[in-house]
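Me: I would like to go through the strands and sheets of this protein with a few short questions.

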Amino acid sequence: MSCMKQEPFVMVHVGQSTESQRNLQYGIETRSWGFPLWKPEYRSVRPRFALLATGVAPRVPLDVWLTQKITLYFFEVRENFYEGEAPHWPDEEAENAIKYPVRFGVEPLAVIRDVALNEHGPLGLAGSDAIRRSGIERGIGKLCDLAPQPLLDAAGIPANWAQRQQVPLNRTPGFTAEHVEAPKTPKRRRRGSGFISDPKKRKAIELHAEDMAVAHYEQLGWTVERLGKPYDLHCTRAGEERRVEVKGTTGAATSVDLTINEVEHARIPEHTVDLYVVSDIKVDVRSADYATSEGRVLHLRDWSPAEEDLRPRSFEYRLPLED
């Protein structure tokens, strides 16, 4: 494994308590993870991948640890460590305080179950011990250089890391929060980055992102019309036309949900389309109207989504004709 190309990983142990497993679900749902304090190495290293590991208690001797197997939630890191400026996690929102200021954005690649923690497993001894040490320090992330290829192989992802240093999203299985088997957690539908099950809260986030986008384009001299469908904003200026898709999330800017119509519209050559994403939006859940504020902007101009950056989440199934 040592001769393979290595990359920086964030290794995180997630406890098996109900609260920890629900946090894991929320992190998957909103494509974000966080820690309560900064480590010097967080500011100097740009990790490529993250492993959130669960299922084994870390406070055991190393020789006992190495005899066990663990479940890995395998992510690509899409947004580097940043300072969280708004409450995001459920306990943060309940207290209206930032408890996990160190955040980073992740994209789910695959769940790998029954992973051996010994030297013959895809983690090697260094990766295995980094997970154990993270657990001992209450889930603080440990940085570790690992070869991605054994993990890609274990996940069944057909990617040659040494050749391309890229993982096509459309060739990964992905996973949702429902893949986490948390006890006493009510079943509810989750649909991807920043998806919020509360319709009122989701609407407040969408409107806040749209308001920021409108203000941005109007400041640049565009006349803006809100449409909603087939795209959010229609902008005109001195004979120019620009169509804008707007997305908002309380989490990191890692991925967004798109409808097939939004994808096809953005790919029409005659259309000039922008993608305007507002992340880390602050929502005061204690207010009656879910007051929103702040947010960080990712603005993609002349945007057309590439096939390798799309992962289908559902299919239309044509029922057979009756005889």
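Me: Which residue stands opposite Arg 226 in β8?
Reply: The model is a predicted one. Strand β7 pairs with β8, residues 233-237, in the antiparallel sense, and four bridges join them. The residue in β8 that stands opposite Arg 226 is Leu 233.

Me: Why is one side of β7 and of β13 left without a neighbour in the sheet?
Reply: Strands of a sheet pair through backbone hydrogen bonds, in a parallel or an antiparallel way. Here five strands make an open sheet with mixed pairing, in the order β7-β8-β9-β10-β13. One side of β7 (223-226) and of β13 (296-300) has no neighbour because these strands stand at the edges, each with a single partner strand.

Me: What is the average twist from one strand to the next in the open sheet of six strands?
Reply: This sheet runs in the order β2-β5-β4-β3-β1-β6, with mixed pairing. Its edge strands, β2 (32-35) and β6 (142-146), pair on one side only. From one strand to the next, the twist averages 40 degrees.

Me: Which residue in β4 is the bridge partner of Phe 49?
Reply: Strand β3 covers residues 49-54 and β4 covers residues 69-83. The two pair in the antiparallel sense over six bridges. In β4, the partner of Phe 49 is Glu 76.

Me: What angle does the direction of helix α4 make with that of β1?
Reply: Helix α4, residues 124-136, packs on the sheet. There α4 touches β3, β4 and β6, as well as β1 (7-13). The direction of α4 makes an angle with that of β1 of about 40 degrees.

Conventions:
Residues numbered from 1 in each chain as written. Predicted model: local features only at pLDDT ≥ 70, side-chain atom pairs only at ≥ 80, totals over all residues. Heavy atoms only, no water. Pairing = 2+ DSSP bridges. Axes fitted to C-alpha atoms, helices over the stretch in contact; angles between N-to-C directions. Contact = heavy atoms within 4.5 Å.
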